[in-house]
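Ready for a walk through a protein? Open your viewer, keep the selection tool at hand, and follow the stops below.

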Amino acid sequence: MSSEKQTAARLMVQGTSSSVGKSVLAAAFCRIFYQEGYRVSPFKAQNMALNSFVTAAGGEMGRAQVVQAQAAGVDPDVRMNPILLKPSGPKGSQVVIMGVSQGNVTALRYHGEYQRLTWPHAQKALHELLNDYEIVVIEGAGSPAEVNLKSNDIVNMRVAMEAKAPVLLVADIDRGGALASVVGTLELIEPEERALIKGIIFNKFRGELALLQPALDFIEERTGIPVVGVVPYFKIRIPDEDSVAISEAAEMPAMSTADQLDMAVIRLPYISNFTDFDALQDEPDVSVRYVTELSNLGHPDLIIIPGSKNTLADLRFLHESGLGNQIYKDWQEDLPIIGICGGYQMMGRLVKDPLHTESDLEEVPGLGILPMVTEFYPQKHTVQSKGNIQSTRSFFQGCTGESVAGYEIHMGRSISDEGQEALFELTSNGVSYDDGLQSGNGYGTYLHGIFDNDHLRTSLLNWLWQRKDRTRPCAATQSQAALRESAFNELADLVRQSVDLERIRRIMGLTPVEQSSPKGNS
């Protein structure tokens, strides 16, 4: 820890349970303070998620803190999420410390001695951020009142006490039981922890605020802690932290509409980086649905096989569910198939894991769409990549030679047959190499964020409409960067209007700010 005086103001957002909206509210506060001219950093000591990102330095971190960093107008830094757990099976996770994979650890082992060993990394990262920024917005995980996990806690109250951070406790009022969850949480934590909770926020409220007021009065009287905000239920396009959103979504069968393309994403048991498809969901002429059952696949305009944290297990799922055989048949009938990262690996002839780097399986036959074989190795490849589109076939005709950028996170190496044309020529860390493969209308790439590339995405959509003998029924949308900025500003406006911001500033020790045009809205 640094001996320098840490002058950063700090605010911690904790929840009464998972999925109450902590990540999005933390992003909102990051954007609000950024708009006010502060240099802001997010922080979450430990994140469990399959949505991850690679920083410019090549470190891996959770997407939630990446989104919060973008809201704060700063580059993502692994110190913002020093510990990342990526579930790889029912009882274990891959552990990433300060951006570097440490291999797989069982949950029982992690929550014992191993978790205590990770605390110094979180502690050091926290204090460095408190030195380097003016405000640090800290996010907790789950609930601080999980008595079976508290002894080894490194993400909730232990962080709040280490940072001496005031805590806002967030409850999801939409799911019911919010009053009891607030009172119960406060009853189960220690007195010194309770003293750090300076405000309560009810999130996802629907209805008339006047009808809720008696409940707010009761909570303040019962707990002695002020309610500092009631945030309405909203649908603003901010990327989700994990797969809860798609896991809880009802599976949709194929739907034929005149003005939308039907895109089916295979919802693998260990799906990762499903934020790859946010850019498609933002398009008005696209319907993205997630499929786990063969009966619901139908005949979409495009099938996407996403990334996976356990490629061999998910490949076996495709075979056993019948989806794999149907995808192969659809490809033979010229239906476009796109695989990303793990999905790309599955499209080859064979996936091998002789050292059990990712699972207990040693090898599983691939779908046989792409002429390649993939083998797993212990060393993880994590880089940001950029380059150019090489392919001149199919939808790439509309964007050949255009720039392309994304990031790679994989432990497998794919070797294609000789004479194959790559989709992209990429460069990372000063090294140039080919990526991606095409066979018929089957396409695969290791590049996450591929659809965020506006020219490529637009070319794909135009081509898919042409296959239906139609021109695209809408104009090209804004760039992904512009849409993201608009969403952050909209979120900040909503939260600013829904919370007592001056009270929160006083809780943080900030001086009142003059009302002016927010930076992000200029």
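Before we set off, remember that this is a predicted model.

**Stop 1: helix 15**

Select residues 501-508, which form helix 15, and color Leu 501, Ile 504, Arg 505 and Met 508: these four are buried. Look down the helix and you will find them on the same side, because they cover an arc of only 105° around the axis. An α-helix has 3.6 residues a turn, so residues three or four places apart point the same way.

What do the buried residues of helix 15 pack against? Show strand 1 (9-15), helix 1, strand 9 (135-139), strand 10 (167-172), strand 12 (227-232) and helix 14 (480-498), and you have their packing partners. Then step just past the end of helix 15 to Gly 509, where phi is positive, at about 80°.

**Stop 2: the largest nonpolar core**

Next, select Phe 29, Phe 33, Phe 43, Ile 135, Ile 138, Ile 201 and Phe 202. Within the largest nonpolar core, which has 95 residues, these touch the most other members. Which helix gives the most to this core? That is helix 1 (residues 22-35), with eight residues.

Zoom in on Phe 33. Leaving aside neighbours within four places in sequence, Phe 33 is in contact with Leu 11, Tyr 38, Val 40, Ile 135, Val 137, Met 508 and Leu 510. You have already met Met 508 as one of the buried residues of helix 15. Another core, of 63 residues, lies apart from this one; to find it, select Leu 280, Leu 297, Leu 335 and Ile 389, which are among its members.

**Stop 3: a buried arginine**

Now go to Arg 63 in helix 2 (residues 63-72). Arg 63 is buried, yet it has no salt bridge. How far away is the nearest side chain of opposite charge? It belongs to Asp 452, and the distance is 5.5 Å; a salt bridge would need a side-chain nitrogen and a carboxyl oxygen within 4 Å. Not counting residues up to four places away in sequence, Arg 63 touches Asn 51, Ser 52, Phe 53, Thr 275 and Tyr 407.

**Stop 4: strand 23 and its partners**

Select strand 23 (residues 424-428) and show the side chains. Phe 424, Leu 426 and Ser 428 point to one face and are buried, while Glu 425 and Thr 427 point to the other and are not. In a regular strand the side chains alternate between the two faces of the sheet.

Add strand 21 (residues 372-389), which pairs with strand 23 in the antiparallel sense over four bridges. Here Asn 388 stands opposite Glu 425. Then add strand 24 (residues 431-435), also antiparallel to strand 23, with five bridges between them. In this pair, Phe 424 has Asp 435 as its bridge partner. The hairpin of strands 23 and 24 has two residues between the strands, and in it Asn 429 takes a positive phi near 55°.

**Stop 5: two loops to compare**

Select Asn 273, in the loop between strand 14 (271-272) and helix 9 (278-281). Asn 273 is not a glycine, but its phi is positive, about 50°. Then find Asp 334, in the loop between helix 11 (323-332) and strand 18 (337-340). Asp 334 has a positive phi too, near 80°. Which of the pair is buried and which is partly exposed? Asn 273 is buried, with a relative accessible area of 2%, whereas Asp 334 is partly exposed, at 39%.

Technical notes. Residues numbered from 1 in each chain as written. Predicted model: local features only at pLDDT ≥ 70, side-chain atom pairs only at ≥ 80, totals over all residues. Heavy atoms only, no water. Core = buried A, V, L, I, M, F, W, Y, C linked by side-chain atoms within 4.5 Å. Buried < 20%, exposed > 50% of the residue type's maximum accessible area, 1.4 Å probe, protein only. Contact = heavy atoms within 4.5 Å. Arc of directions from axis to C-beta. Lys, Arg positive; Asp, Glu negative; His and termini not counted. Pairing = 2+ DSSP bridges.
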